[in-house]
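Please examine the model below with attention to how its helices and strands are arranged. The paragraphs that follow lead from helix packing to the sheet and then to the aromatic side chains.

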Amino acid sequence: MKNYVSASILSADMLNLEKEVCRLKNSGIDMLHFDVMDGIFVNNITYGLPVLSAIRKITDMTLDVHLMITDPIRYVERFAENGADIISFHLESQSNTTETIREIKSAGAKAALAIKPATPAEVVYDYLPYLDMLLVMTVEPGFGGQSFMPDACAKVKPIRERILSLGIDCDVQVDGGIDSITAETAKKAGANVLVSGSYLFRAEDMSAAASELKEETGC
């Protein structure tokens with residue numbers, strides 16, 4: 001199973017975003033993780049469609065958009081039109097889960113479902129056959145720089161086991177507090193897409209840091 005790194009733009013230097021995107025691509029980063037927060041679903045506000053559109057114009061990298069918003073189905077089409085390749089939305093949001101997955105695929109993007117740390121793994125099982133990716137939050141959504149929550153990561157194992165038992169192709173992403181140490185825990189549990197922000201952007205050698213995150217665990 002191939003591992004991928006998705007760099008959280010929240011940790012980038014916003015005054016030099018084009019240079020940051022080039023640095024990420026040159027460092028072997030696979031995706032750009034784009035956190036969208038509305039100040040309602042989570043207690044923070046970030047960027048939206050104009051920033052996504054601007055990034056799309058300067059790179060062909062995969063844009064991995066994570067909607068931490070109250071009613072994501074209302075905005076799916078516009079995020080897809082502005083460059084999102086993957087759209088994640090929360091099971092805990094107000095939008096109907098099945099209809100939102102269908103809307104994402106109809107808009108031409110890959111569909112991903114996200115769950116908060118307190119949400120049990122089994123609630124996503126019925127949706128797995130329709131997803132391209134399942135995102136397990138390993139911190140409370142809303143702010144960068146939080147510490148990794150091992151209990152939240154423990155949900156990755158049963159989710160990966162269910163994916164294998166179904167014989168389907170579905171990535172498992174983890175987001176929150178990912179560094180070289182916590183990445184090993186996540187990968188051993190079955191995650192293969194690692195979102196990292198502070199760890200990558202503060203690294204002396206971003207390329208080496210990314211390579212370390214992507215290394216196979218040997219398990």
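Angles under 35 degrees count as roughly parallel, over 145 as roughly antiparallel, 65 to 115 as roughly perpendicular and the rest as oblique. The model to which these terms are applied here is a predicted one.

The pair formed by H1 and H2 may be taken as a starting point. Helix H1, residues 17-26, packs with H2 at an angle of about 55 degrees, and their axes are 10 Å apart. H1 and H2 are therefore oblique to each other. The crossing in which H1 passes H2 is right-handed. On the H1 side the contact involves Leu 17, Glu 18 and Val 21, which meet Val 51, Ile 55 and Ile 58 of H2. Sorted by class, the residues of this contact comprise five nonpolar, no polar and one charged.

A second helix pair is formed by H7, spanning residues 180-189, and H9, spanning residues 206-214; their axes come within 9 Å and cross at roughly 25 degrees. H7 and H9 are therefore roughly parallel to each other. H7 also passes H9 in a crossing that is right-handed. From H7, the residues Ser 180, Ala 183 and Lys 187 take part in the contact, and from H9, Glu 212, Leu 213 and Lys 214. The contact of H7 with H9 is made up of two nonpolar, one polar and three charged residues.

The strands come next. Eight of them form a closed barrel in the order E1-E2-E3-E4-E5-E6-E7-E8, and the pairing is parallel. On average, neighbouring strands of this sheet are turned by 25 degrees against each other when direction is ignored. H9 packs on the sheet as well, where it touches strand E1 (4-8) and strand E8 (193-196); the direction of H9 makes about 130 degrees with that of E1.

Within the barrel, strand E3 (residues 62-68) and strand E4 (residues 86-90) run parallel and are joined by four bridges. Leu 67 stands opposite Phe 89 in E4.

How many aromatic pairs does a search of the whole structure find? The search yields one. The pair consists of Phe 34 and Tyr 47 and is tilted, with 4.4 Å from centre to centre and 35 degrees between the planes. Phe 34 lies in strand E2 (residues 31-37), whereas Tyr 47 lies in the loop between E2 and helix H2 (49-58). The two residues are 13 residues apart, and the pair links distant parts of the chain.

How values were computed: Residues are numbered from 1 along each chain as its sequence is written. This is a predicted model: local features need pLDDT of at least 70, side-chain atom pairs count only at pLDDT 80 or more; totals for chains, interfaces and linings use all residues. Side-chain values use heavy atoms; hydrogens and water are left out. Axes are lines fitted to C-alpha atoms, for helices over the stretch in contact, and angles run from 0 to 180 degrees between N-to-C directions. A crossing is left-handed if the near helix is turned anticlockwise from the far one by less than a right angle, and right-handed if clockwise. Contact means heavy atoms within 4.5 Å. Ala, Val, Leu, Ile, Met, Phe, Trp, Tyr, Cys and Pro count as nonpolar, Asp, Glu, Lys and Arg as charged, and the others, Gly among them, as polar. Two strands pair if DSSP finds at least two bridges between them. Rings of Phe, Tyr and Trp (its six-membered ring) pair if their centres lie within 6.5 Å; planes under 30 degrees apart count as stacked, over 60 as edge-to-face and the rest as tilted.
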